[in-house]
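Here's a quick tour for anyone who likes to check the geometry before trusting the picture. Have a look at the chain first, then we'll go through it piece by piece.

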Amino acid sequence: MHKVLVLYPEPVDPDHFRDYYVSKHLPLVERWPGVLAWRYSFEVAAARGETPYFAVFESEFADAAAYAAASASPQGQELSADVANYATGGVVVIHYPVQNGS
């Protein structure tokens with residue numbers, strides 16, 4: 001399994017972020033080819049102190065090749081280009097293969 005984690009710092013307009021994200025961005029996620037599962041939250045907390053993030057998104061793909069193909073697809077390009085429409089605080093995107101623990 002390959003996971004994608006998107007961390008969103010505080011945007012300029014949190015209400016716009018929430019509304020746009022749910023009504024316009026997430027429908028694009030639903031069309032992303034190869035995604036096995038996805039989830040998000042606006043309730044990000046730090047174990048100690050203030051969290052540097054306003055929202056988080058994670059998705060799962062079968063492997064890195066499936067993620068690369070999804071990102072290169074027209075739907076993936078549209079999804080990536082849409083981020084500028086709501087993430088005025090920036091965005092951190094990381095991806096990695098998942099290792100199972102014992």
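Let's start with helix α1 in this predicted model. At 1.5 Å a residue, the 17 residues of α1 should span 24 Å, and the end C-alpha atoms of α1 are 23 Å apart, which agrees. That said, α1 has a kink of about 45°, centred on Tyr 21.

Which residues of α1 are buried? They are Phe 17, Tyr 20, Tyr 21, His 25, Leu 26, Leu 28 and Val 29. As for what they sit against, the buried residues of α1 pack against β1 (2-8), β2, β3 and α3 (74-82).

Tyr 21, where the kink is centred, is also worth a look for its ring. Tyr 21 counts as buried because its relative accessibility is 1%, under the 20% cut-off.

**Aromatic rings**

A pair of aromatic rings is described by the distance of the centres and the angle of the planes. The count of aromatic pairs here comes to 18. Take Tyr 21 and Tyr 40: the ring centres are 5.6 Å apart and the planes are at 65°, so this pair is edge-to-face, the cut-off being over 60 degrees. The pair links distant parts of the chain, with Tyr 21 in helix α1 (residues 14-30) and Tyr 40 in strand β2 (residues 37-41), 19 residues apart. Tyr 40 is partly exposed, with a relative accessible area of 35%.

Now for Phe 61 and Tyr 67. The ring centres of this pair lie 5.4 Å apart with the planes at 55°, so the pair is tilted. Both Phe 61 and Tyr 67 are buried.

Ring pairs also join up into a cluster, made of Tyr 8, Phe 17, Tyr 20, Tyr 21, Trp 38, Tyr 40, Phe 42, Phe 54, Phe 57 and Tyr 86. One of these rings has a charge on top: the charged end of Arg 18 sits over the ring of Phe 42, 5.9 Å from the ring centre.

**A few residues up close**

Here are four residues with their places and accessibilities.

| Residue | Where | Relative accessible area | State |
|---|---|---|---|
| Glu 60 | strand β3 (residues 55-61) | 13% | buried |
| Tyr 67 | helix α2 (residues 64-72) | 13% | buried |
| Gly 76 | helix α3 | 5% | buried |
| Val 12 | loop between β1 and α1 | 71% | exposed |

Glu 60 is the charged one to check: why does it count as buried? Its relative accessible area is 13%, and buried means under 20%, so Glu 60 makes the cut. Setting aside residues up to four places away in sequence, Glu 60 touches Met 1, His 2, Lys 3, Gly 34, Val 35, Leu 36, Ala 37 and Arg 39.

Tyr 67 has contacts beyond its ring partner. Leaving out neighbours within four places in sequence, Tyr 67 is in contact with His 2, Val 4, Trp 32, Phe 61, Val 93 and His 95. Tyr 67 and Pro 33 are 34 residues apart in sequence, with 8.9 Å between their C-alpha atoms.

Gly 76 also meets Trp 32, along with Ala 70 and Ser 71, again not counting neighbours within four places. Between Gly 76 and Asp 63 there are 16 Å in space, C-alpha to C-alpha, and the two are 13 residues apart in sequence.

Over in the loop, what separates Val 12 and Ala 87 in space? Their C-alpha atoms are separated by 8.4 Å, while along the chain the two are 75 residues apart.

**The whole chain**

Zooming out, the protein chain has three helices and four strands, and from the N terminus on the elements run β-α-β-β-α-α-β. The radius of gyration is 14 Å, close to the 13 Å that the globule rule gives for 102 residues, so the chain is as compact as a globular protein of that length. Along its principal axes, the C-alpha trace spans about 35 × 35 × 15 Å.

Of the 102 residues, 31% count as buried. And among contacts between residues at least 6 apart in sequence, 75% join residues at least 24 apart.

Methods:
Residues are numbered from 1 along each chain as its sequence is written. This is a predicted model: local features need pLDDT of at least 70, side-chain atom pairs count only at pLDDT 80 or more; totals for chains, interfaces and linings use all residues. Side-chain values use heavy atoms; hydrogens and water are left out. Helices (H or I, at least four residues) and strands (E, at least two) are DSSP runs, numbered from the N terminus. Buried means under 20% relative accessible area, exposed over 50%, partly exposed in between (1.4 Å probe, protein chains only). Contact means heavy atoms within 4.5 Å. Rings of Phe, Tyr and Trp (its six-membered ring) pair if their centres lie within 6.5 Å; planes under 30 degrees apart count as stacked, over 60 as edge-to-face and the rest as tilted. A charge sits over a ring if NZ of Lys or CZ of Arg is within 6 Å of the ring centre and within 35 degrees of the ring normal. The expected span of a helix is 1.5 Å times one less than its number of residues. The bend at a residue is the angle between axes fitted to the seven residues ending there and the seven starting there. The radius of gyration is taken over C-alpha atoms; the globule rule is 2.2 Å times the number of residues to the power 0.38.
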